[in-house]
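This briefing is meant to be read with the sequence and the model open. Please keep both at hand while going through the points.

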Amino acid sequence: VTVSASSFNVPFEALLDRTAWLHDRMAKLVPGAGATLGAVTVVHVVPPQHIYQNGFGVINGPFAAQQSSTTPGSNVIVALPRPPSGKILEIQALVKGASGHGALPATKPKCELYRQDYLMTGSGTLVATATDSSATVGAYEAGHVIDLFAINHTLVGQDFYYLILTGESGANSQTGLLLSGFAVYWGDV
Amino acid sequence: MATTFQTIFRFLTPSWLHTGEGEKVLGSLALTVDAFLERALQGLEARFPSRTGDSALKLTGLDRGILRGRTEPRDHYAARLIAWRYPRGHRTRGSAFALLDQVGNYWGDALVYALTIDIRGDVHTRTPDGTEGYFYGFAFNWDGAPATPNWGRFWLGLNIAAGSGIAAWGNFGDPALWHGELNPDDTIGQTGVTPSDVRAMVRLFEGRAWKPAGTRAEWLIVNLDGASPSPDGTWGRWSKNSGGTQVASRYAGWRFWALSPTVNLQAGDSSNFPTLSTLVDGSTYGGDPASFPLTTTLPDESIYGGDPATFPASVYLVDDGSPTL
């Protein structure tokens, strides 16, 4: 076999194909992974298994939480399971306002991400926060997300992470806000 | 011998002025004047290819976008530089024959003929003596992509003459392969071609490009054996899966130079998982799951273990015109 560029490119292309094949399969095995070649993104839906709740009740077993009081500060705190390393790219709180609002509540729901060092040497550190951005009652009362966008937070050591969803309050507020979970986007780079 | 001030001042002055110290003074002045005169003369002649030297021809050629052939005589090149835009040259730039004229003059008698072929199978040819020909509708399915919207693609072909010194290298393991070691003067795919030759062909399509506007030169095909197989739609890549084994997709008797870098950019095909692959020596190998080497030796004998922090989306492959080092 006389040597040419084909001699080298045939096995090299075979390697490229097998690498691409593996990447593709990995992306399919891990839900939400592989949206971008080179950066693996994993989406993990976290049910609101709260570690603390104030003004929220649980419905449908552990799979949803519902606001039961419009007292300002009503909230639910949810522990965030985390992988050993990587980044938190984005978190979306999956919420749905109760029907019957005459107008948007004066204080709309808010989602916060906190980090707590595992030795509990201090209070939690706020990592990211976002307020419900619904612009109309229709959008608010439909299923929507409160988006903590572009967090890109590198996980710290063995620290714990938790989420706080604070419910609606003030004028035009009412009970029944449904929190069905959090979509958490992890990344490796 | 041309008349110079150095020779003539002896006839224009009395003897006491061109002998002894007078000769030294006048001779020095005459030498300086002769140097100025020669510089003016050469400067004037530099713009006339038929009267100037190689260094000026090179600059004129660069300026006029006319390549000098590998073995092209000075007078022949000078004549082409004079005719740089009439009756052919840049006046017909954008046509297949204008391109073939440049290609043919570069390679000279090393070719039986040069040709262009586009995605529709329209072929134009030119022999070293300047004879031109064409025929249309040749069956040419390079990569299976439809002619629309990929219509603006064409290929350049060199049909190499026997005895030109351009031929296939030996087999893997041949001590004469690449003259025994990797070096920057050999090209991977063939003997008798330097990276400068390949670069000269690529340059034809850069800047003042010898091609129609809106088209892209894909590959230069070096026909070493005179055969004329038709591409079967799999030649867009170097390899294809044949019954689970990755094998060469292109005809082995030809060599391929990428005229556009993007045509040799590969990202891998996730739909293809070959069980075996053909190796450089023609054997096949499918990997060994029991072996996970931490490093590997590269062709230049360096050791590399990969970088987990980088995951390139694609890679430029080598082609037959790439230097071996």
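The points below cover chain B as a whole, two helix pairs, and three single residues.

The model is predicted. Chain B has 6 helices and 14 strands. Of its 325 residues, 39% count as buried.

**Chain B overall**
- Taking contacts in chain B between residues at least 6 apart in sequence, 61% join residues that are at least 24 apart.

**Helices α1 and α2 of chain B**
- Helix α2 of chain B covers residues 20-45, which is 26 residues.
- At 1.5 Å a residue, α2(B) should span 38 Å, and its end C-alpha atoms lie 37 Å apart, so the two values agree.
- The buried residues in α2(B) are B:Gly22, B:Gly27, B:Ala30, B:Asp34 and B:Glu45.
- These buried residues pack against α1 of chain B, residues 5-12.
- Two packed helices are described by the angle between their axes and the distance between the axes.
- For α1(B) and α2(B), the angle is about 135 degrees and the axes are 8 Å apart.
- The two helices are therefore oblique to each other, the cut-off for roughly antiparallel being over 145 degrees.
- The crossing in which α1(B) passes α2(B) is right-handed.
- On the α1(B) side, the residues that meet α2(B) are B:Phe5, B:Gln6, B:Phe9 and B:Arg10.
- On the α2(B) side, the residues met include B:Gly27, B:Ala30 and B:Asp34, and these are buried.
- Also among the α2(B) residues in this interface are B:Glu23, B:Leu26, B:Leu31, B:Val33 and B:Leu37.

**Helices α3 and α4 of chain B**
- Helix α3 (residues 54-64) and helix α4 (residues 74-82) of chain B pack at an angle of about 35 degrees, with 11 Å between their axes.
- Their crossing is left-handed.
- From α3(B), B:Asp54, B:Leu57, B:Thr60, B:Gly61 and B:Arg64 take part.
- They meet B:Arg74, B:Tyr77, B:Ala78, B:Leu81 and B:Ile82 of α4(B).

**B:His124**
- B:His124 sits in strand β2 of chain B, residues 123-126.
- Its relative accessible area is 16%, so B:His124 is buried, the cut-off being under 20%.
- The side chains of B:His124 and B:Tyr136 make a polar contact at 3.4 Å.
- Apart from neighbours within four places in sequence, B:His124 is in contact with B:Ala96, B:Phe97, B:Leu100, B:Ala114, B:Leu115 and B:Thr116, among others.
- The other contacts of B:His124 in that list are B:Gly133, B:Tyr134 and B:Tyr136.

**B:Ser249**
- B:Ser249 is in the loop between strands β7 (245-248) and β8 (254-258) of chain B.
- With a relative accessibility of 6%, B:Ser249 counts as buried.
- The side chain of B:Ser249 reaches the backbone oxygen of B:Arg237 at 2.5 Å.
- Leaving out neighbours within four places in sequence, the contacts of B:Ser249 are B:Thr234, B:Trp235, B:Arg237, B:Trp238, B:Ser239 and B:Lys240.

**A:Leu89**
- In chain A, A:Leu89 belongs to strand β6, residues 87-96.
- A:Leu89 is buried, at a relative accessible area of 17%.
- A:Leu89 and A:Leu148 are 59 residues apart along the chain, and their C-alpha atoms are separated by 8.8 Å.

Notes. Residues are numbered from 1 along each chain as its sequence is written. Chains are lettered from A and ligands numbered from 1 in the order in which they are written. This is a predicted model: local features need pLDDT of at least 70, side-chain atom pairs count only at pLDDT 80 or more; totals for chains, interfaces and linings use all residues. Side-chain values use heavy atoms; hydrogens and water are left out. Helices (H or I, at least four residues) and strands (E, at least two) are DSSP runs, numbered from the N terminus. Buried means under 20% relative accessible area, exposed over 50%, partly exposed in between (1.4 Å probe, protein chains only). A polar contact is a pair of N or O atoms within 3.5 Å; within protein, one must be able to donate a hydrogen and the other to accept it, and residues adjacent in sequence count only if both atoms are side-chain atoms. Contact means heavy atoms within 4.5 Å. The expected span of a helix is 1.5 Å times one less than its number of residues. Axes are lines fitted to C-alpha atoms, for helices over the stretch in contact, and angles run from 0 to 180 degrees between N-to-C directions. Angles under 35 degrees count as roughly parallel, over 145 as roughly antiparallel, 65 to 115 as roughly perpendicular and the rest as oblique. A crossing is left-handed if the near helix is turned anticlockwise from the far one by less than a right angle, and right-handed if clockwise.
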